[in-house]
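Colleague: Could you take me through how one reads helix packing and residue environments in a model, going from the general idea to the particular case each time?

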Amino acid sequence: MKNNIPKLLLNFISITNINSPLIFDIIRYLSALLCHKKFASDFMNYEGLQLLLDLPYNQRASTGISTCLYALVFHSTIMERLCAYSSHLLPSIISLCLKLVKGEHESACSHVTLFLTLAFQYRAMIEEFDNQNGLSKFIDIVSLMCKSPLNLTYYFNVLHLTYWNVLLRWVNTAITKLS
């Protein structure tokens, strides 16, 4: 049974309605398990990342997927394998990251920015990021982040301003890693 958990979770994801609140819980549970190298390796062997990227866009599910990406980036062997042998996934990964980093949901934006910051140590990720004009999109985001809290200070509480400042620092770190 324990060897079939990745496959079982992926089966649940594939049969669950994307708009169901259950999909977020399944993906959140999956992201917690992806911290373990053996589980993450089995997940990749079952083409789990492909399944997650093929899901129709849904904000809740995408937030969970961003957490899964963040968990995977800490496994260097899996990232190297992803960059070397699964290059067909890289455009989908970067595209989703650029969509989520616009800040529709704060935790998704945070996880994606941290994922990219760590993923930029892999040449294939940088090349795909460049192919999708990611740097100019990041610069646009930074310029919006710099304007938004200053112009809308009245509407934001201190916690939200702190979030924007931390996120701005992460985006700047990601851009710096590109150099």
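Modeller: What follows goes from the whole chain to pairs of helices and then to single residues, and it should be kept in mind that the model is predicted.

Colleague: Then let us begin with the overall make-up: how many helices and strands does the protein chain have?

Modeller: One starts with the secondary-structure elements and their order, and here the protein chain has 11 helices and zero strands, so that the pattern read along the sequence is α-α-α-α-α-α-α-α-α-α-α.

Colleague: Beyond that pattern, what share of the 179 residues counts as buried, and what is the accessible surface of the protein chain?

Modeller: Of the 179 residues, 47% count as buried, while the accessible surface comes to about 9,600 Å², with 57% of this surface belonging to carbon and sulfur atoms. One can also look at sequence separation: among contacts in the protein chain with a separation of 6 or more, 72% are made by residues 24 or more positions apart.

Colleague: Turning to pairs of helices, at what angle do H1 and H3 pack, and how far apart are their axes?

Modeller: For a pair of helices one reads the angle, the axis distance, the handedness and then the residues in contact. Helix H1, residues 5-15, packs against helix H3, residues 37-45, at an angle of about 55° with the axes 9 Å apart, and that angle makes H1 oblique to H3. H1 passes H3 in a right-handed crossing. On the H1 side the contact is made by Ile5, Pro6, Leu9 and Leu10, which meet Phe39, Asp42 and Phe43 in H3, and by class this contact has six nonpolar residues, no polar ones and one charged residue.

Colleague: H3 also packs with H6, so which residues of H3 meet which residues of H6?

Modeller: The geometry again comes before the residues: the axes of H3 and helix H6, residues 76-85, come within 10 Å and cross at roughly 15°, which makes H3 roughly parallel to H6, and the crossing is left-handed. In H3, the residues Lys37, Ala40, Ser41, Met44 and Asn45 meet Thr77, Ile78, Arg81 and Leu82 in H6, and these residues divide into four nonpolar, three polar and two charged.

Colleague: And for H5 with H8, why are the two helices called roughly parallel?

Modeller: The wording rests on the angle, with values under 35 degrees counted as roughly parallel. The axes of helix H5, residues 59-72, and helix H8 come within 8 Å and cross at roughly 30°, and H5 and H8 are therefore roughly parallel to each other, in a left-handed crossing. From H5, Gln59, Thr63, Ser66, Thr67, Leu69 and Tyr70 meet Ser107, Ala108, His111, Val112, Leu114, Phe115 and Leu118 in H8, so that, sorted by class, this contact has seven nonpolar, six polar and no charged residues.

Colleague: Within those two helices, are Ser62 and Thr113 buried or exposed?

Modeller: Here one reads the relative accessible area, where buried means under 20%. Ser62, whose place is in helix H5, is buried with a relative accessible area of 4%, and, leaving aside its neighbours within four places in sequence, Ser62 is in contact with Tyr57, Leu96 and Leu100. Thr113, found in helix H8, which spans residues 106-119, is buried with a relative accessible area of 0%; Thr113 and Cys97 are 16 residues apart in sequence and 7.8 Å apart in space, C-alpha to C-alpha.

Colleague: In the loops, which backbone angle should catch my attention at Glu47?

Modeller: One looks for a positive phi outside glycine: Glu47 has a positive phi of about 55° although it is not a glycine, and lies in the loop between H3 and helix H4, where Glu47 counts as exposed at 56% relative accessibility. Asn133 likewise has a positive phi, of about 60°, without being a glycine, and lies in the loop between helix H9 and helix H10, where Asn133 counts as partly exposed at 45% relative accessibility.

Colleague: Lastly, which residues does Gly134 touch, not counting residues up to four places away in sequence?

Modeller: Gly134, placed in helix H10, counts as buried at 0% relative accessibility, and with that exclusion Gly134 touches Leu98 and Phe129. The C-alpha atoms of Gly134 and Leu98, which are 36 residues apart along the chain, are separated by 7.0 Å.

Key. Residues numbered from 1 in each chain as written. Predicted model: local features only at pLDDT ≥ 70, side-chain atom pairs only at ≥ 80, totals over all residues. Heavy atoms only, no water. Axes fitted to C-alpha atoms, helices over the stretch in contact; angles between N-to-C directions. Helix = DSSP H or I, 4+ residues; strand = E, 2+ residues; numbered from the N terminus. Parallel < 35°, antiparallel > 145°, perpendicular 65-115°, else oblique. Left-handed = near helix turned anticlockwise from the far one by under 90°. Contact = heavy atoms within 4.5 Å. Buried < 20%, exposed > 50% of the residue type's maximum accessible area, 1.4 Å probe, protein only. Areas by Shrake-Rupley, 256 points an atom, 1.4 Å probe, with all protein chains shown as cover.
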